[in-house]
Amino acid sequence: MRVFRFLLSLFLTVLFGWLLWAPQTVGDKSLPSLGGFFNPFSGFWKNAAPVANTFQDIDLPGLKGEVQLVYDDLLIPHIFAENLDDAMRVQGYVTAQHRLWQMDITTRKASGRLSEILGERTLGIDRVTRRRGMVFAAENAVKAWSESPENLRMLQAYVDGVNAYVNQLRPADYPIEFKLLNYAPEPWSLLKTALVVEAMSENLCSRDADLASTKAAAKFGWDTFDYLFPEWNPKQQPIIPDTGQWKQWNVNIEAPTTIAPEAFGQTSRKPESGTTPSFDTDPYVEGSNNWAVAGTRTKSGHPLLANDPHLTLGLPSIWFQLQIHTPGQNCYGVSLQGVPGIIIGFNEQIAWGVTNVSHDVSDWYHITWADDKHSEYLLDSVRQKVQERIETIGIKGKDPLLDTVRYTVWGPVVYEYDHTHPLRDCALRWISHDAPSPDGSRIFMFLNAGKNYDDYRKALNLYDCPAQNFVFATSSGDIAITVQGKFPIRQKGQGRFIQDGSRQISEWHGFIPMDRVPAMKNPSRGFVFSANQHSTPPSYPYYYLGSFDDFRGREIYDRLSNMQNATVDSMKTMQLDNFSRRAADALPAMLSLLDRSHLDDEGKKMAAELDAWDFRYEADATAAPLFDVWFDTCYARTWDEWDGQENLLLPESWRFIELLEKDTASIFFDHPSTPARETARAIVQESFETMQEYFRQHPDKRTTWGHFMGFTLKHLAQLDAFSRLDVVVGGHRTAPNAMQKTHGPSWRMIVDLNEKVKAYGVYPGGQSGNPGSPYYDNMVDTWAKGDYYELLFLSAADEPSSRIAGRQTFKPTHP
C-alpha cells in the first residue's frame, strides 16, 4: 500500500511539475509555462516590482568618451555626449531599456512575423504584409543608407546601443510581454530600423481608392461619378494659397490609359442579419495639426509653434521623449522607438513639427499575363519576365509557409493567391518601395542641429517618404511650412482608377522637382498651418489626389486669422478646440429640413436641445450624441444604393452636406425600393425618427459625449489589464482636437521661441513600456484634462533643477 501511495504521489508530483513548466494551450491560444511565469525570481513579479531609481553607471562598448545621462521627474532622459555617435549609441541603449517589447512587436508586424509568436491566427496579416513588399521596401532603404558612410556610422551606433542592452539581459529581466508570449528578444539591426520607418509609411501613405473609384465609375457612369465625387471642396482653406507663385510654370503630360471600369463590375454581398451597413463619412482617419504664428501676432513679438500629430493611440505610447546635447546641438523632443534622433521638437534656435500630407502615392496596375503560369506579362506587346521572391513565413507550432510573390515593373502582385480578390491580377506601385536618399535617415539629425531657415530647407531636400507638412519657426522671427515628400507627376485623374499595366505610358511621369513642391515662408498674413487638408488650390499645375480633411483646417484658419497678442495659452486653447465645422455646416441644414409638427414631445425636446448646441464635442455635451447618430443615419439612408456593395467608393461628408444645402431634390435622396420620390426633407425626417428610436432602445447611450464616444487606450497586445479603459475625453475627428475611440493627439507640443526658448508638451502614456512601472501611464490623466508639462530643457549636465530624479554615467569599455 505504501508503494502504491508513493507511486501515486510521484506521478502527481511529476504531473504537477509538467503542468507548471510546460507551455499550455487553451483553445487556439498558447500560454507560457505557469511555473516560469509565476516564478518569484524571474517571472512577472520581477516586472511588477516598484521601479528603483538607482541610476547605476554603465560600461558601454564602442563609446569614444563618457556620456552623462540626467533623468527628470517624468523619467525623460537628457543625454549629454561629446559627439553625435556616442549620443546615438546611448539613445539606442536607453530606448531599448524602456521600450524593447514595443520595438520588437512593431518590427514583427511590419515584417510579417507575428505568426512566429502568435501562431496561425495572424497568418493572413503576415501574408499580406509580405506580399505588399514591406520587407522589400526596408531592404531597399538599408541598401541606400549604406551608400553614405556617415549615415551608416550613425545608424550603426544606434543599433549597437540597442544590442548592448539586449545582450546583457537575463530571462528574468525580459519585459513582461516576452514572458506572456513565451519568446526571447532578438538582436536589433539596420533592417529593423528601416522596418520602423516602413511601418510609419504603411500607416500614413499607403491609402488608395483605386478599386473603390473604379467600381463606382462602373456602377454610376462618368457623369454621375463626377457629380458625386468632386476633388475640391470650395470651402477648403489649402495649406499653400495661390499668390501667383506658379503662374509661369508649364506642365504638359501625356495621358495614360485607365482600365475600363466595367472590368471591375460590382460584387454584391448580403448584409449580415440584424446589422446596419457601416459608413465612413470622412475617409481620412488620423488627423494632425500644426501651425506657426509670427511675432506680429504674438504678445511677446516672437514666434510660437504648435504641433499635435493625431495617430492610433495605445500603451506604451507611440513617442519617447528625450533631450540630446552635443557640442553641435542641444535638442529636445520626441523620437520613434528604433529610429535615431528626434522627429518632432526644438533646439535653442528653431522648432519644427509635422502633419501627414495625405497624397495618394500608391497605384494599382492591371496585369495582362502572357502565360497561364504567370511567369511572364505583356508590356507594350513585349513579354516581360516576372521576378519571383520567396517569402518564408514562420508559424508557431507548424511548418513555415513558403509564399511566392511575383514582382513586375510596377511592383508586387499582392493578391494573386486569392482567386476571389478583385485585385488578384493587379500590381502595386508604391512610393515606399523606392530607395530613399542615402542620407535620408539623417534629415532629422540635420534638423536637430539646425539654426536657421537655410538649414531647414537643406535638411528637407533629403526627405522622401512618408510625405509630411513640415512647419518651422526660428527665434530670429522666421516662420515657414513645406509640403515635403517625393510626389509623382501625373496626368489629371491618373491614379484615381486602376490603370492599364500593359502600357508603359501608364507609369508616373517622374517626380515633382524639389523647388516646386508647395512651400511658404513669412507670409504677410502672419501664420502658416496644416491640418491634412489639400496642399494647394486646383490652380497648382501639378495634379495630385488623396484623402484630405475638409473641416479642421477651416476652423484653424479662422482662429489664426482673428488672433492677436497670441500666447502659449492661446495655442493650448486651439489644440483643445472641440468645435466641429462639420456639425456647424450640417446641423442648420438638417434642422431647416426637419418638420417639427410631426415630432412627438420627446422628439421636440431633442430638436430643441440640438437647436441650442454650440457644435462643440465637449466631454459633457449631451446634444453631440444626438447629432452624430442623426447625421450618420441620414448619411446612410441617402446612400442606400450602396447597401450590400463591397469596395465601392462613398461620397465625402462635405459633398453630402452640400447636397443638403443646395440640391435637396437629388435623385440620391430617393429610396429606389419605394414608389414615392423622396427628397432630402423626407430623409432628414425619417432619420430623426430612427435616431429617436435608437435612444429609446439604448437608454444607456443617452448620455454625455465623453461616455458615448467610449475612448479607450489599449495595450498593443490588446490586454485590458495593461490598458486604460477609464479615460473620458471630449473631441471629434472633425474638430481640431481630433479625438476618436482609439485615435487622438499622440503628442501635444507648444514652443515659445523667445530669447530663451520654452516649451510645453504631453502625450497619453508614459516613458516606460513596463505596465508595472509608475512611469507607464503617468501622463495620461494630465493629457486627458488638457494640461501640459513645461519641458525641462537643460543647457548642461550639471545644471541644477528640482525636477532632476537621478543621474548616471555611460563609460567606454577598455580592452
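How do the residues of the lining of the largest cavity divide into nonpolar, polar and charged? The legends below address this and a helix contact in a predicted model, in which local features need pLDDT of at least 70, side-chain atom pairs count only at pLDDT 80 or more, and totals for chains, interfaces and linings use all residues. Residues are numbered from 1 along each chain as its sequence is written, and side-chain values use heavy atoms, with hydrogens and water left out.

**View 1. Lining of the largest cavity.** The lining divides into 23 nonpolar, nine polar and four charged residues (nonpolar: Ala, Val, Leu, Ile, Met, Phe, Trp, Tyr, Cys and Pro; charged: Asp, Glu, Lys and Arg; polar: the others, Gly among them). H10 gives the largest share, six residues.

**View 2. Centre of the largest cavity.** This cavity has a volume of about 570 Å³ (a set of points on a 1 Å grid over the protein atoms alone where a 1.4 Å probe fits but cannot get out; lining residues have an atom within 4 Å of a point; the volume is the space filled by probe spheres set on the points, which are joined across faces, edges and corners). Of its 36 lining residues, Val197, Phe444, Tyr463, Cys465 and Pro466 are the closest to the centre.

**View 3. Packing of H4 and H6.** Helix H4 (residues 84-111) packs against helix H6 (residues 123-131) at about 70 degrees, with the axes 7 Å apart (helices: DSSP runs of H or I, at least four residues, numbered from the N terminus; axes: lines fitted to C-alpha atoms over the stretch in contact, with angles from 0 to 180 degrees between N-to-C directions). H4 is therefore roughly perpendicular to H6 (65 to 115 degrees). Lys109, Ala110 and Ser111 of H4 meet Ile125, Thr129 and Arg130 of H6 in contact (heavy atoms within 4.5 Å).

Definitions and conventions. Helices (H or I, at least four residues) and strands (E, at least two) are DSSP runs, numbered from the N terminus. Angles under 35 degrees count as roughly parallel, over 145 as roughly antiparallel, 65 to 115 as roughly perpendicular and the rest as oblique. On a 1 Å grid over the protein atoms alone, a cavity is a set of points where a 1.4 Å probe fits but cannot get out, and a pocket is an open set with protein on both sides within 12 Å along at least five of seven lines; lining residues have an atom within 4 Å of a point.
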